[in-house]
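Q: I'm new to this structure and would love a close look at the unusual spots in its backbone. Could you walk me through them in one go?

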Amino acid sequence: MSFEQVLLMRNELVLVIAMLIVLAAEIFLSGNNRKLVIPIAVGAFAIATIIAWFPQPEGVIFGGMYQTDTLRQIMKNVLNIGVLLIFIQSMPWLRKPEQNFQMSEFYLIIIATLIGMGFMISSGDFLMFYLGLETATIPVAALAAYDKGKRKSAEAGIKLILSSALSSGILLYGLSMIYGTTGSIYFHEVANAWGNTPLQMLAVVFFMSGMFFKLSIVPFHFWTADVYEGAPVLVTSYLSVISKAAAAFIFMIILFKVFPTSIELWKNVLYALTIITITLGNIFAIRQKNMKRFLAFSSIAQAGFILLGIIGGNAMGMTAVVYFALIYIFSNLAAFGVVAAISNVTGKEYMNDYDGLYRTNPKLSLVMMLALFSLAGIPPVAGFFGKFFLFMAAAKSGYYILVLIAVINTIVSLYYYLLVVKAMFVNKNEHPIAWFKSDWATRIALIASVLGIIAVGLISHIWEYINAFSFGI
Amino acid sequence: MDILTLFVVIPTLTVFAIMFAKNLEQTRMISAVGMTAQLINAVRLIIAYYDERNAGNTADFLFQKTYVWFDSLNIEYAIGIDGIGVAMIALTAVIIFTGVFASWTMEDLPKEFFISLIILATGVFGFFISLDLFTMFLFYEVAVIPMYLLIGIWGSGPKEYSAMKLTLMLMGGSAVLMVGLIGLYFYSAPDGGELTFNVIEIAKVHMPIEAQRFFFPLTFVGFGVLGALFPFHTWSPDGHASAPTAVSMLHAGVLMKLGSYGAFRVAMYLMPEAANEMSWFFLILVTVSVVYGAFGAVMQKDLKYINAYSSVSHCGLILFGLLMLNKTAIDGAIIQMISHGIMTALFFALIGMIYGRTHTRLIHEMGGLLKVMPFLSAAYVIAGLASLGLPGLSGFVAEMTIFVGAFQQNDLFHRVATVIAASSIVITAVYILRVVGILLQGPIKNDKYFKLSDATWFERVAVITLIVGIAGIGMFPYFLSDLIMDSLHPIMDHIIEAGKPALSQVSL
């Protein structure tokens, strides 16, 4: 294998290097210098993110186990940007005294999972796919249990590891059927040998069930709310945004590339689950009072919207999913960023704590409002464009009724997003959260998110760029 | 920069300028200057429009500009305007101008108020200049969402409930509408050409009738919610009653017209066969709106509720005229849009000013106001007379034209609908005269009211501007009618042409 071929894995390689740098810093820094780990980690990762942006040739290595092309690179870049924002947001949190003994772990674990996601997205066969998936999942359980002292956090870790073990089991069972019936684990060979026999249909169902766990599609969502609530805010935002986007990307690629002939099966499954997921996610979200749980349930509904892009099996849908994921990352990270900033300073996490927030902290409230409007799909912020194009992608394949149901659900979601806006802007409060100055890291992350929320929609080149490389069945 | 884009740019710049304002003084000065500029631009547009027409330009839409936005989806920022649009733009410019003066003494969070108000107006202007359904829809939603904050923060009464109800119902309407627009897009090239959102392009193609049957109701109801179509009008009384003065003015004056304009320009124009086929069903709903709104107004005791229900009735008349599907009635419907826009804005402005003095909106607690504030009271009487259709004022021209047009449909169904709808004129007289009698005449019921002052200079600016509009349309309707008629011909030919074969099949 030549050096050029190794370089095809550039994204993963630079992440490994970044990880090693963090590890070395952790070993060699001691005493008061230990806090330097934070800027070193964020800096190393920022450089890795930038390097990954440079254009790269397409290619296949390891005999087809690993492949890369521009679309997959875009997907990885989308994830990298999101993680970078989370890293910046994490700086004030990890600098707090109670986190002193565990700073580098946060970065190490997240970069490790990101490497797993990179391999998963680039996988050319089911073995690499599974390895990537597990690398991306198992360390996250450690992250969820990051607040070791807190009962809920530990519970979140256990719940995550158990439910993901179960879903991996189901997924593996499906993969074994695929291997048993086709004699291969390579994507293109499986696709060629695919005959839609009953056993193979069952394999697709098992495969999808495993993926639905990761995507927290109803009825595979039960772990979501507890894990999201128990985990620290930034871990929750990582779980709800990055892991979900990565799972959605590879799910879409495999459905389009390996199981295109089973579309009659999976489109019906997706049709039903989209409706259930969006509706139930919304109904549960209405009742939530804790901001983290609230965003968790709203993210279940958002995952349902992603399925709208997949169901049509067309290239426009693929573009819309990647585009929506990018917008969703900015919007959700802005919302979580505000929640994290407030929770860091005041420890308050409930919706009625936000009453009258605009009068004391106008800028944070505005960021939150923009983020929520983007999540709800209100123009002119980017969420509108993301949702509109997802609906168009589904409508392109004729799913007008499904689009109608989804669109009516956006109104339900608008209701609960407006509840937060109402709390901040309309409600009166004798003791609102006092004015505080957020530190520069939070501000940078929030400004970057807001710029993303505004720019990604209005600047059409981003859509066009993704669209140039996406493919349908 | 072209004259149409300026309509979006001026308010946007005003919003940015307000962000740097230091106090109420500066905020309202910037708003006033910005909206005066907007008004001047509207006058410029009318002159330029007439110049073009007189120079022999017979294109359907003038001042067209197209910039590609999302290339692969063929989404464009396409603008252009015809006579109807010019009239609507002028109306909007007048009302937002007066709305700024009506909010002159806004104390609580003035910057945020004026920013939200002007963002709302930006959406309205953008909607009227757009020829591309995507941008049109985008501006439409931009016009709706600031309402939540405007009513929620600065409203009165059960404002949180009203704001949520209004926002969710209107966004629900726009959600249904979105499906209709996406449907229009995917059927815009049945022969395999490039799909488009452009209104002019879609009007050229013949959409399959099955598709029209599915998407026409979605689009019409989607816009109809904003146009107070029964039974989706319930947001209107609560919303208008809770909203602050300028917002009620803008909302009843312009935003509700967005609904009827869209129902006409998008739903009926682009899906004419379905419009002909289904008009009877919506005509029933609309007739109910007209009469129900009028009766609703009779029963109310709160000035704002009276006017809100009256708006439901009058906006029902707009849709009624549109659904009659002939030139005279539609001409009347569009004059009614303008006429009702100015008239209801005047009403809400006056109610706001009266409320600011008496601190009550219940008519039974007031009386004899004509003695203490003659200017405001006289203006109220003028608005009332316009509302009940006194000749010489705008309401007469509009309603007369609508009903003359409606009587041209000589089958029994349309006759009955017309007779029922026309009865609303009598009911309107009942509630208007009743309010005038109780509110303005008779003894002064409260000693405090003797000390009340009449209108201040900024209030007079607002009121006089609007009265000039009402009387102007009433006395010189041909000016407006000509403006509209020229643009109406191609649209009407399109709709009536499509209706000819279909009409003979429908027997009622």
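A: Pro231(B) sits in the loop that runs between helix 9 (209-226) and helix 10 (235-242) of chain B. Keep in mind that you are looking at a predicted model. What makes this loop worth a visit is the link between Phe230(B) and Pro231(B): their peptide bond is cis, with omega about 0°.

Chain A has a cis peptide bond too, this one leading from Pro379(A) to Pro380(A), with omega near 0°. To find Pro380(A), go to the loop between helix 16 (362-376) and helix 17 (382-396) of chain A.

Now let's turn from omega to phi, staying with chain B for a moment. Asn74(B) is not a glycine, yet its phi is positive, near 60°. You will find Asn74(B) in the loop between strand 1 (62-70) and strand 2 (75-81) of chain B. Around Asn74(B) there are 19 other C-beta atoms within 10 Å, so this residue is partly exposed; to count as buried, a residue needs 20 or more.

In chain A, look at Phe62(A), which has a positive phi of about 55° despite not being a glycine. Phe62(A) belongs to the loop between strand 1 (59-61) and strand 2 (66-68) of chain A. Phe62(A) counts as partly exposed because it has 14 C-beta neighbours inside 10 Å, while the exposed class takes residues with 12 or fewer.

To retrace the tour, start at the cis bond before Pro231(B), go on to the one before Pro380(A), and then visit the positive phi values of Asn74(B) and Phe62(A).

Terms used:
Residues numbered from 1 in each chain as written. Chains lettered and ligands numbered in written order. Predicted model: local features only at pLDDT ≥ 70, side-chain atom pairs only at ≥ 80, totals over all residues. Helix = DSSP H or I, 4+ residues; strand = E, 2+ residues; numbered from the N terminus.
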